[in-house]
Amino acid sequence: MKNTVTSIQKQKIEGDKITMLTCYDYSMAKLMDESGINMLLIGDSLGQVVLGYEDTLSVTMEDMIHHTRAVSRGASNAFVLADMPFMSYQTSVYDAVTNAGRLIKEGRAHGVKLEGGVKVCPQIRAIVDASIPVCAHIGLTPQSVNAFGGFKVQGKTEEAARQLIEDAKAVEAAGAFIVVLEGVPAKLAELVSKEISIPTIGIGAGASCDGQVLVYQDMLTIFSDFTPKFVKQFANVGEVMKQAFQDYINEVKDGTFPAEEHTYSISDDIIDRLY
């Protein structure tokens with residue numbers, strides 16, 4: 001079944017948890033889509049897990065469009081959501097709409113995600129007015145890592161918790177159809193999920209959100225530079241891959257690969273006439 005803004009909203013109403021994973025290429029998009037994932041997020045986390053940066057801040061619009069285009073080709077049923085990279089929407093409402101439009105038109109995304117609460121509501125409202133679905137992202141917003149002084153849990157004080165609730169209500173009022181809650185205490189995320197009518201997607205925000213998202217390299221143990229507390233490693237695919245690489249190296253070196261079944265034949269008569 002095709003996942004849409006309407007079907008995703010229906011899942012919240014019916015208490016059917018929404019599933020989201022990051023994705024950055026065609027082959028992985030096909031696998032995830034065939035598994036039945038509701039939403040594929042081309043996250044600016046590609047800066048860390050694909051491009052090798054220390055954070056997400058160096059990711060460009062061109063990076064995002066390139067990877068979004070690849071994912072969209074592999075997704076038949078999943079809702080394709082693309083992150084708006086750092087400084088693609090903060091500078092002005094005009095820039096926000098223009099860059100969101102590029103992710104839809106050039107990247108073939110179905111919607112865009114941007115970080116921030118009350119402060120980015122003008123941008124959310126304008127993008128929605130341009131008929132582009134928007135996912136908001138509040139709590140621990142990685143593009144604000146320097147302002148936060150690191151990747152720290154948000155909303156732990158009364159003031160911060162009230163601000164988070166205000167942000168959630170504000171992005172809903174601005175027209176966001178869904179909101180990611182990252183790095184938020186579980187009880188606060190549960191309260192936010194009850195206070196707003198749009199779905200909440202948790203990452204490090206407990207099980208009471210309307211859905212969950214993880215970086216797929218984290219949950220498959222492919223990316224091992226660091227592992228956040230909220231990550232569950234569902235499989236050790238990284239070790240399986242390394243073993244396969246090592247087996248390949250060994251078989252190439254000892255001459256057992258390629259074997260006869262991996263080669264193409266030619267008549268011995270032709271070979272004899274070549275001498």
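Biologist: Which residues make the nonpolar surface patch of about 360 Å²?
Modeller: This is a predicted model, so every value here is computed from it. The patch covers about 360 Å² of surface. Its makers are Tyr248, Ile249, Val252 and Phe257.

Biologist: Is Phe257 buried or partly exposed?
Modeller: Phe257 is found in the loop between helix H11 (237-254) and helix H12 (268-273). Its relative accessibility is 33%. Buried means under 20%, and exposed means over 50%. The value for Phe257 falls in between, so Phe257 counts as partly exposed.

Biologist: What is the angle between the planes of Phe79 and Phe177?
Modeller: The structure holds three aromatic pairs. Phe79 and Phe177 form one that is tilted, with 5.5 Å from centre to centre. Tilted pairs have planes that are neither under 30 degrees nor over 60 degrees apart. For this pair the angle is 50 degrees.

Biologist: How many residues apart in sequence are the parts that the pair of Phe79 and Phe177 ties together?
Modeller: Phe79 lies in strand E3 (residues 79-83). Phe177 lies in the loop between helix H8 (158-174) and strand E6 (178-182). The pair therefore ties together parts of the chain with a sequence separation of 98 residues.

Biologist: Is Phe177 buried or exposed?
Modeller: Its partner Phe79 has 4% relative accessibility and counts as buried. Phe177 has a relative accessible area of 9%. The cut-off for buried is under 20%. Phe177 is therefore buried.

Biologist: Which residues of E3 are buried on the side opposite Phe79, Leu81 and Asp83?
Modeller: In a regular strand the side chains alternate between the two faces of the sheet. E3 is mostly covered, with five of its five residues buried. Phe79, Leu81 and Asp83 are on one side. On the other side are Val80 and Ala82.

Biologist: Which residue in E3 is the bridge partner of Ile42?
Modeller: Strand E2 (residues 39-42) and E3 run parallel. Four bridges join them. The partner of Ile42 in E3 is Ala82.

Biologist: Which residue in E4 stands opposite Leu81?
Modeller: E3 is also joined to strand E4 (residues 111-115). Three bridges make that link, and the two strands run parallel. Opposite Leu81 stands Gly111.

Biologist: How far apart are N and O in the salt bridge of Lys10 and Glu14?
Modeller: A search of the whole structure finds nine salt bridges. Lys10 and Glu14 both lie in helix H1 (residues 5-14), four residues apart, about one turn of the helix. Lys10 is partly exposed at 49% relative accessibility, while Glu14 is exposed at 53%. From N to O, their salt bridge spans 3.8 Å.

Biologist: How many residues separate Asp210 and Lys12?
Modeller: The side chains of Asp210 and Lys12 meet in a salt bridge of 2.8 Å, N to O. Both residues are buried. Asp210 is in the loop between strand E7 (200-203) and strand E8 (211-214), and Lys12 is in helix H1. The pair links distant parts of the chain, with a separation of 198 residues.

Biologist: Is Lys194 buried or exposed?
Modeller: Glu190 forms a salt bridge with Lys194, and their closest N and O atoms are 3.5 Å apart. The two are separated by about one turn because they are four residues apart in helix H9 (residues 186-195). Glu190 is partly exposed, with a relative accessible area of 30%. At 63% relative accessibility, Lys194 counts as exposed.

Biologist: What is the C-alpha to C-alpha distance between Pro133 and Thr4?
Modeller: Pro133 sits in the loop between helix H6 (121-129) and strand E5 (134-139). Its relative accessible area of 21% makes it partly exposed. Pro133 and Thr4 are 129 residues apart in sequence. In space, their C-alpha atoms are separated by 10.0 Å.

Biologist: What percentage of the residues of the protein chain count as buried?
Modeller: The protein chain has twelve helices and eight strands. Its C-alpha trace spans about 85 × 40 × 35 Å along its principal axes. Of its 275 residues, the buried share is 48%.

Terms used. Residues are numbered from 1 along each chain as its sequence is written. This is a predicted model: local features need pLDDT of at least 70, side-chain atom pairs count only at pLDDT 80 or more; totals for chains, interfaces and linings use all residues. Side-chain values use heavy atoms; hydrogens and water are left out. Patches are made of residues with over 30% relative accessible area and no salt bridge: like charges are joined within 9 Å, nonpolar side chains (Val, Leu, Ile, Met, Phe, Trp, Tyr) within 5 Å. Accessible areas come from the Shrake-Rupley method with a 1.4 Å probe; for residues, only the protein chains shown count as cover. A salt bridge is a side-chain nitrogen of Lys or Arg within 4 Å of a carboxyl oxygen of Asp or Glu. Buried means under 20% relative accessible area, exposed over 50%, partly exposed in between (1.4 Å probe, protein chains only). Rings of Phe, Tyr and Trp (its six-membered ring) pair if their centres lie within 6.5 Å; planes under 30 degrees apart count as stacked, over 60 as edge-to-face and the rest as tilted. Two strands pair if DSSP finds at least two bridges between them.
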